[in-house]
Amino acid sequence: MNSVPTVLNRTRKTVAIVLNQGESYLVQADPRSGATNDLTGTVVRSDRPIAVFGGQQRAIVPIQDVQNLGSRDCLIEQMTPIRTWGKSAYVTPFARSSNELNVGTDLYRVIAAFDSTEVYIDDQFQQMLMSGQVMERPLLNAHLIRTTNPSITVQYKKTSGIGGGQDVT
């Protein structure tokens, strides 16, 4: 099931796709579903080995700073199978560049593989997540993340500039 409506599946129901070797299938969040139309947490199952990539052509991190950060970033990552996920991770802030705008923050996300996953940051309980749910926080300090069930923790570098191809004089 999709976490948000997609261009070809506005109902968010499970869809079966049959692919032959070498074929690909594109799933895109429906832009009409809102500003945060994020497919994070969508479950993909296959009876054969496949590669799944997620991405965004014109991302702004964090999305809340869309008015202040005019540049867009291309984010692409290969998704890893749940069997490779763990129960602990370290997150550390990224180094800042000298010309980086002082707007927004880097982020980290914890994504749960199973229901009733408790999330602890530096041994302090934060919240319980259900399968596919996401906990997102600003990445201001290093932290130890622990979960009671397999999860994946990811870090995002914030959008760094005003962008848009504008000349600054």
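A residue counts as buried when its relative accessible area is under 20%; Arg 109, at 14% relative accessibility, therefore falls in that class. The structure on display is a predicted model, and the tour below proceeds from the whole chain to individual side chains.

**The whole chain**

Begin with the entire protein chain in a cartoon representation. The protein chain contains zero helices and eight strands, so that, read from the N terminus, its elements run β-β-β-β-β-β-β-β. Of its 169 residues, 25% count as buried. The accessible surface amounts to about 11600 Å², and carbon and sulfur atoms hold 50% of that area. Among contacts with a separation of 6 or more, 65% join residues 24 or more positions apart.

Next, colour the chain by pLDDT. The mean value for the protein chain is 80, and 77% of the residues reach 70 or more. Select residues 165-169: pLDDT stays under 50 there, and the model has one contact beyond four places in sequence for this stretch. Where pLDDT is low, the predicted coordinates should not be read in detail.

**The segment before E1**

Move to the part of the chain that precedes strand E1 (53-59), and select Leu 19, which is placed in this segment. Leu 19 is partly exposed, with a relative accessible area of 41%. Extend the selection to Val 7, Leu 8, Val 15, Ile 17, Tyr 25 and Val 27; together with Leu 19 these residues make a nonpolar surface patch of about 630 Å².

Leu 39 is also found in the segment before E1. Its relative accessibility is 25%, and Leu 39 counts as partly exposed. Set a distance label between the C-alpha atoms of Leu 39 and Gln 28: the separation is 8.1 Å, for residues eleven positions apart along the chain.

**The nonpolar core**

Which residues form the largest nonpolar core? Select Val 91, Tyr 108, Val 110, Ala 112, Val 119, Ile 121, Leu 129, Met 135, Leu 139 and Ile 145, the ten residues of that core. Strands E4 and E5 each supply at least two of its residues, and E4 gives the largest share, with three.

Centre the view on Val 110 and display its surroundings. Beyond its neighbours within four places in sequence, Val 110 is in contact with Val 119, Leu 129, Met 135 and Ile 145, among others. Its further contacts include Gln 133, Val 134, Thr 147, Ser 151, Ile 152 and Thr 153.

**The salt bridges**

Side chains of opposite charge can pair when their charged atoms come close. How many salt bridges does the count give? The count comes to four, and three of the pairs are visited here.

First, select Lys 157 and Asp 106, whose side chains meet in a salt bridge with an N to O distance of 3.6 Å. Lys 157 lies in the segment after strand E8 (143-156), whereas Asp 106 lies in the loop between strand E3 (86-91) and strand E4 (107-112), so this pair ties together parts that are 51 residues apart in sequence. Lys 157 is partly exposed at a relative accessible area of 29%, while Asp 106 counts as buried at 8%. Keep Asp 106 selected and show what it touches: leaving out residues up to four places away in sequence, the set consists of Phe 94, Arg 137, Pro 138, Leu 139, Tyr 156, Lys 157 and Lys 158. Leu 139 in this set is also a member of the largest nonpolar core.

Second, select Glu 136 and Arg 109. Their side chains meet in a salt bridge at 2.8 Å, N to O. Glu 136 is located in strand E7 (residues 134-138) and Arg 109 in strand E4, so the pair ties together parts that are 27 residues apart in sequence. Glu 136 is partly exposed, with a relative accessible area of 32%, whereas Arg 109 is the buried residue introduced at the outset, at 14%.

Third, select Asp 123 and Arg 146, which form a salt bridge whose closest N and O atoms are 3.9 Å apart. Asp 123 lies in the loop between strand E5 (117-121) and strand E6 (124-129) and Arg 146 in strand E8, so parts 23 residues apart in sequence are tied together by this pair. Is Asp 123 buried or exposed? At 55% relative accessibility, Asp 123 counts as exposed, whereas Arg 146, at 38%, counts as partly exposed.

Conventions. Residues numbered from 1 in each chain as written. Heavy atoms only, no water. Helix = DSSP H or I, 4+ residues; strand = E, 2+ residues; numbered from the N terminus. Buried < 20%, exposed > 50% of the residue type's maximum accessible area, 1.4 Å probe, protein only. Contact = heavy atoms within 4.5 Å. Areas by Shrake-Rupley, 256 points an atom, 1.4 Å probe, with all protein chains shown as cover. pLDDT = per-residue confidence, 0-100. Patch = residues over 30% accessible without salt bridge, like charges linked within 9 Å, V, L, I, M, F, W, Y side chains within 5 Å. Core = buried A, V, L, I, M, F, W, Y, C linked by side-chain atoms within 4.5 Å.
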